[in-house]
Number of protein chains: 6
Amino acid sequence: MTRSDKRAADQLRPVKFTRSWTDHPEGSVLVEFGRTRVLCTASVNTGVPRWRRGSGEGWVTAEYSMLPRSTHSRSDRESIRGKIGGRTHEISRLIGRSLRACVDFKALGENTITLDCDVLQADGGTRTAAITGAYVALHDAVTWLGEKKIARKPDKVLVDSVSAISVGVVGEAPLLDLCYEEDVAAAVDMNVVMTGDGSFVEIQGTGEERSYTRDELNQMLDLAEKGCKELMSLQARTFMEQLT
Amino acid sequence: MTRSDKRAADQLRPVKFTRSWTDHPEGSVLVEFGRTRVLCTASVNTGVPRWRRGSGEGWVTAEYSMLPRSTHSRSDRESIRGKIGGRTHEISRLIGRSLRACVDFKALGENTITLDCDVLQADGGTRTAAITGAYVALHDAVTWLGEKKIARKPDKVLVDSVSAISVGVVGEAPLLDLCYEEDVAAAVDMNVVMTGDGSFVEIQGTGEERSYTRDELNQMLDLAEKGCKELMSLQARTFMEQLT
Amino acid sequence: MTRSDKRAADQLRPVKFTRSWTDHPEGSVLVEFGRTRVLCTASVNTGVPRWRRGSGEGWVTAEYSMLPRSTHSRSDRESIRGKIGGRTHEISRLIGRSLRACVDFKALGENTITLDCDVLQADGGTRTAAITGAYVALHDAVTWLGEKKIARKPDKVLVDSVSAISVGVVGEAPLLDLCYEEDVAAAVDMNVVMTGDGSFVEIQGTGEERSYTRDELNQMLDLAEKGCKELMSLQARTFMEQLT
Amino acid sequence: MTRSDKRAADQLRPVKFTRSWTDHPEGSVLVEFGRTRVLCTASVNTGVPRWRRGSGEGWVTAEYSMLPRSTHSRSDRESIRGKIGGRTHEISRLIGRSLRACVDFKALGENTITLDCDVLQADGGTRTAAITGAYVALHDAVTWLGEKKIARKPDKVLVDSVSAISVGVVGEAPLLDLCYEEDVAAAVDMNVVMTGDGSFVEIQGTGEERSYTRDELNQMLDLAEKGCKELMSLQARTFMEQLT
Amino acid sequence: MTRSDKRAADQLRPVKFTRSWTDHPEGSVLVEFGRTRVLCTASVNTGVPRWRRGSGEGWVTAEYSMLPRSTHSRSDRESIRGKIGGRTHEISRLIGRSLRACVDFKALGENTITLDCDVLQADGGTRTAAITGAYVALHDAVTWLGEKKIARKPDKVLVDSVSAISVGVVGEAPLLDLCYEEDVAAAVDMNVVMTGDGSFVEIQGTGEERSYTRDELNQMLDLAEKGCKELMSLQARTFMEQLT
Amino acid sequence: MTRSDKRAADQLRPVKFTRSWTDHPEGSVLVEFGRTRVLCTASVNTGVPRWRRGSGEGWVTAEYSMLPRSTHSRSDRESIRGKIGGRTHEISRLIGRSLRACVDFKALGENTITLDCDVLQADGGTRTAAITGAYVALHDAVTWLGEKKIARKPDKVLVDSVSAISVGVVGEAPLLDLCYEEDVAAAVDMNVVMTGDGSFVEIQGTGEERSYTRDELNQMLDLAEKGCKELMSLQARTFMEQLT
């Protein structure tokens, strides 16, 4: 089985982080997984949601959205339909949960960081690109918190890093980092979120066309572990560059 | 670690299916996993959603909801808030996907079966009880389709059975079929949907309090496989009883 | 004119109250009028709506809803349509008004009791069953308030009992407690809510197919008085049974 | 007991119908019950709602609304709140049902008449003024249908007239046609809709402050019969005037 | 080019203000521009929106709406559609901005005046009639504030007067104060809001059918200046009449 | 008065069009007016809205939106609030009207072009940048229509070009192309849309802090004419570059 872009089965698409892509947010990252392009911004607000007030702990939340023509054919805006669809809800919740896995809320203090992940162009893997990019934006926002001396213990806020990748079975072949064309053809589709220490934050595997065996599951998890490891080192490398 | 109801770590709560619990639906099952009680009904309509018309294929969809006081403290109705919450959306989509995994849509012909899963009392595991009970309701609705000679090939509609169970890690102990109290205390929470042939339809595992290792994942999957196997035989047994 | 279930014109369907039907609510009653089955729960919250704060008086409110497949053919969920329909609004308001008729709000103190009436199976008379069952749930919640020493004067909260029944004219015959089939055929339809002392809380009579004379009105009211009296003694009898 | 405007207990407020109050509608009536002022318009459309198509029968529906400052203090617009309140729903449904009681839908043919009742100034009895005025607007729209030769049998469309009045018990005194001040003070509140032949279309009686006896009910019904009879003759008189 | 009602190109339709048209509001004016009829009410509330609290300054806001049958054919209610349309939003905002141009918020103190402009009959120019009438209602509400000694410096609240008129190009002819028929036929459509001192608050000119030259713009502005001047003196004249 | 970026009063900010910025749309342009950055995409669909079917004419519509953190402080998503705000409605309508001014709908045939203008970064003038950029995207989509031989007469679809610019009075100084900081400080704010032949499509001028004289209006229009002329030649120049 040959992939349309000649990648090996266990190979990521070219990944790129452009930090400070916009000026206003405390963290702003354009993340690209091949042709998938997501703008991840981190916005800091003092205060926390009502149910958390007085706890001394902060909060991290996320919202995911696709521009109407980020996709092959235009889809209606959720703002005009007047409600958020199930898929959007599900992905926003997944991103929020994933990022919260690397945060020490005591160290953050009663501040809220909102991660907005807006898909500018979609070519498969938008949610995993969003999580991986949102970590970079979160990191930059936490640095900003330190510079502004807002968080209690800014250097303790991030307890680990987080990245995510999709894997799937197309035909009988397990593949890493599916593009749209592969995603549509996949019999099984799985998204894996991992921390820098190599453990799992979230596994979501769906048999779209057929159910899958434990063997297939293990093959997919092997690919995902390899992919997340590589994403972690790309995140680390981007932090070594000077922010302009 | 002792469970509050003295169960072994790998033991299901008492499971009970009451078929024909209400009179109107084509399939109507009250499913109980311990104190969790979900009414699952299957409603048959001729015709399919617009995007599927003319395909010759049917459709199966699901809606999940909790009665306001099915929980410890009363929650507001989504009908009054005017919108469906993210959790409800997510679970409805999960139930629909899970049940579609065992259906041959060609054999169903252009008919739609809607599975309504309404939680009457919640004590953990409502989504897995809903899937497991919805399969029984779906089965009875398909039998009805056969009697009414509506589906094309009623005996080919169901290609397998489907059941689901929750597993989790509480403290360091992997446990099967968490009740509410255990669910709240769990560091890791996983829902597993399987077919009768022992393969996976869906795995959703979330590190709520901490991330989890591959070893822990494997222990949880072992428990889930055992639990689903038992649920399958309970489903099979209920079909051997005469419906009144 | 013979009724399909052989009842006399002035005869109620079999009425049954199952108290403590679910575990969480302060009052939980499954009420059955024949095949009509409504789950009535009473939830206690400290505090009252904003407009009543500081008055020293409590509040009682109600919400009515039908499960999508409680009816012959499935109806859409109001949560998914995003708004409450007129009929639901009307009945919720009727139930709330009716139950408030038997409550001394000073004695209740600044506490709110919410009555949720969810129709599990509909066969005519759902609103009258809901009111009659909600009174039983309210009664149990007030007992709970007394045990918890929350209300100011728990034994003074309920100043009377409340029950409700439907009457109608089918053909030329006035009938008590219409089932769905009779309700559809009725020319005139009336719901009557009464207190234990035999006076009216609410009369709502609608000429569905034709207008009705004062004579017919009087015949219907005679039937309703008889029906409500019987419901009162059934409510009284259920309170003599030990709650498990 | 003296009424603030010196009326006898069984006396209506001054009632006035101004026909053709606006130019566009097929029927347009400004109805005044004392200071209560409601604009009732009747709009004719060819065609009927989907569920009635092909039946050969027409439809009549109504919508009620209050201008934000028709009341003593300003209330928010339902268009801005994004949903219709329960009271509005209830009254719109009541007006529709009441007017349908005097229409022969076969004679109307597949046409729809929409009655819009917009309260310009509220001083109690807005729903009964709306029904009474809407009948006049409906009458004029039916005349228009005849002139345009749209209805099948225009002179058979209206089979009777309809009017409505409020009655109540203030203190111990039964009163006819309550103004706002009396309505607020009423222990019992009843709205009665009658046809020209003296029978009831709708009775809605609510014990707001206390329940009421059958004797009180009868006194209120006597008042209502007297009031509706007078309204009928005022309606008849207005039709004898030339429309400009 | 002859206008259907024989007016000269630079002639207003008959303009009429009826003050105190309803009893409850602090200002209530029925304004008529020919057959266009708008009820403008001004409602005073103590307090200001949250974002303005503590500023010592007041606020003026406006809401515009059309009755469903104010137009040639009936349009659906926005309350029933569940959302405000773009045109309604736009006009409400325009009215609010326009009226705020003549108010000294310091002098008003922390009070809010809400201007409701409800179109009872539409024949073109509803937004300009609304602004012109709302000024009269606002004026009366400010007088009321003075009598009640609520505003800080009531006689300083209004710093100028405000009026508005429409102009357009029909065929090649610039016309003042377009009626509906002319509005539909206009190639260019412009609304102009002016203060009593002859300067502009707002100019909104749209080339509906074609773009327009600077010359045409100037001709339209000349007409608008003449029209607003006349409206100002009509407003001034109405204030010289005694309010009943 | 010196501008913060040293521009002359009649000088535009640096303007940049990046065509084909995303891959999927038929036209995709990133337009920059200084730091204001808007993604304008043009999506072609066969067919037209219902009210235009059978006319043989096409349609052009637009939707404007801001990413939540395109602004200095984060604003809530309209999709989550469940409704479109007044400002968004107003700007979407303005963009649609403006672009329709340069289209021959007969030549387009029954096709719809949707212009999505999503603000990625806001620094004043987002609506004028959106209109100016949307014209470029529309142009590219029309070229695509010609290549695909979809429109009836593709080379006749665009009858002119369209561009837009903001002008304002800050202090007493009329300025061209206001950045955010200037916009906030402006006493008068005006947006002007022009066609390539130098006539006006739309003028919207608002006295935010004070009303403005006819002289000031003329100074602002002179600036706007100069600005639009320059934008037209920048648009023309970008079309001379090869699209990759």
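1. Contact here means heavy atoms within 4.5 Å, and in this predicted model the contact between the two chains takes 28 residues from chain A and 28 residues from chain B.

2. The size of an interface is often given as the accessible area lost when the parts come together. For this pair of chains, the buried area is about 2,400 Å², with carbon and sulfur atoms giving 46% of that value. On the side of chain A, the residues that lose the most area to chain B are Glu90(A), Phe200(A) and Arg214(A), which together make up 25% of what that side buries.

3. Turning to polar interactions, six salt bridges are counted between chain A and chain B, and one of them joins the side chains of Arg214(B) and Asp222(A), with a distance of 2.7 Å from N to O. The count of residue pairs in polar contact between the chains, both residues being at pLDDT 80 or more, is 18.

4. As to which elements of chain A take part, helix H2 (86–100), strand S9 (200–207) and helix H6 (214–240) each supply at least two residues of the side that touches chain B, and S9(A) gives the most, with eight residues. By residue class, that side of chain A divides into seven nonpolar, twelve polar and nine charged residues.

5. A reader may also wish to look at the strands that meet across the interface, where S9(A) pairs with strand S9 (residues 200–207) of chain B in the antiparallel sense, over five bridges. Within this pairing, Gln204(A) stands opposite Gln204(B) in S9(B).

How values were computed: Residues numbered from 1 in each chain as written. Chains lettered and ligands numbered in written order. Predicted model: local features only at pLDDT ≥ 70, side-chain atom pairs only at ≥ 80, totals over all residues. Heavy atoms only, no water. Buried area = accessible area lost by both parts, 1.4 Å probe. Salt bridge = Lys/Arg side-chain N within 4 Å of Asp/Glu carboxyl O. Polar contact = N/O pair within 3.5 Å; in protein donor to acceptor, adjacent residues only side chain to side chain. Helix = DSSP H or I, 4+ residues; strand = E, 2+ residues; numbered from the N terminus. Nonpolar A, V, L, I, M, F, W, Y, C, P; charged D, E, K, R; others polar. Pairing = 2+ DSSP bridges.
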